[in-house]
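With the structure open in your viewer, please follow this tour one selection at a time.

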Amino acid sequence: MTEYWPWWAGAAGLALITINYAVTTDRSFGVSGAWDRVLHWRAERRVERVNEQFADERVLVEALAAAAADQFGAGSAAPAAHPVPHGDARAPRQDGRPPDSPISSLASRLPAPMVSQVALLLSIFVGGWIAAVTAGRFQLRLDMGDAFGQIVTDKPIEMIGALFVGGVLVGFGTRLAGGCSSGHGLNGCGRLQPVSIVATAVFFGTGVLVSFLLWKVI
């Protein structure tokens, strides 16, 4: 690994990672969302503890039935069984609930476990470090490289200020758009979600425009 991968190999790798994550977890992943959850880990842990109380579907059904009985009377706690047409494959199970009950998909609608978000962020760091070491390009430095110095600035104080302002704008933009380039570009576009296609077009369109202005105009 002395050179960068060709573009098609990188695209295939990203596609395999995205597909594998969606198939194994039934969720979409995003780096900005993971950072947000990790930074607010205390609040996330409280939410996870509440969700754990309803991890058992039977407990959730009983809680909903009790709440319905308390609100509307005891007669509404147990829903009446509806007859199933002859030949309907969705026959009720022994416990009386249909197999496609929305409650059965509750677990897949909950946020990914907090530990998985930490693992995602650590894996990005470790993977980048391994790639740099194996390619022989790992080097600790306090600047952003020669290209950054030529295009933006090579003065340390101005560099820190530019990086801070840029980081704030990126963070604001990703939260405003509901996701970053990984969440919208990889997952959203892969699922043909219109909002993700528009967001990704804006991300990369703005990047191309700014790069053109820096290289050709300024």
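## From helix 2 outwards

Begin by selecting R37, V38 and L39 in helix 2, which meet W41, E44 and E48 in helix 3; keep in mind throughout that this is a predicted model. Sorted by class, the residues of this contact between helix 2 and helix 3 comprise three nonpolar, no polar and three charged.

Next, show both helices in full, taking residues 31-39 for helix 2 and residues 41-52 for helix 3, and you will find them packed at an angle of about 90° with their axes 5 Å apart. Because angles of 65 to 115 degrees count as roughly perpendicular, helix 2 and helix 3 are described in that way.

Now keep helix 2 and add helix 6, residues 114-134, whose axis comes within 9 Å of that of helix 2, the two crossing at roughly 120°. Helix 2 is therefore oblique to helix 6, and the crossing of these two helices is left-handed. To display the contact itself, select V31, G33, A34, W35, R37 and V38 on helix 2, together with M114, Q117, V118, L120, L121 and I124 on helix 6. The contact of helix 2 with helix 6 has nine nonpolar, two polar and one charged residues.

Which residues does A34 touch, leaving aside those up to four places away in sequence? Centre the view on A34, and you will find Q117, L120 and L121 in contact with A34.

Finally, select Y21, F29, A34, A112, L120 and L121, the six residues that form the largest nonpolar core. In soluble globular proteins, nonpolar side chains tend to be buried together.

How values were computed: Residues are numbered from 1 along each chain as its sequence is written. This is a predicted model: local features need pLDDT of at least 70, side-chain atom pairs count only at pLDDT 80 or more; totals for chains, interfaces and linings use all residues. Side-chain values use heavy atoms; hydrogens and water are left out. A nonpolar core is a set of buried Ala, Val, Leu, Ile, Met, Phe, Trp, Tyr and Cys residues joined through side-chain atoms within 4.5 Å. Buried means under 20% relative accessible area, exposed over 50%, partly exposed in between (1.4 Å probe, protein chains only). Contact means heavy atoms within 4.5 Å. Axes are lines fitted to C-alpha atoms, for helices over the stretch in contact, and angles run from 0 to 180 degrees between N-to-C directions. Helices (H or I, at least four residues) and strands (E, at least two) are DSSP runs, numbered from the N terminus. Angles under 35 degrees count as roughly parallel, over 145 as roughly antiparallel, 65 to 115 as roughly perpendicular and the rest as oblique. Ala, Val, Leu, Ile, Met, Phe, Trp, Tyr, Cys and Pro count as nonpolar, Asp, Glu, Lys and Arg as charged, and the others, Gly among them, as polar. A crossing is left-handed if the near helix is turned anticlockwise from the far one by less than a right angle, and right-handed if clockwise.
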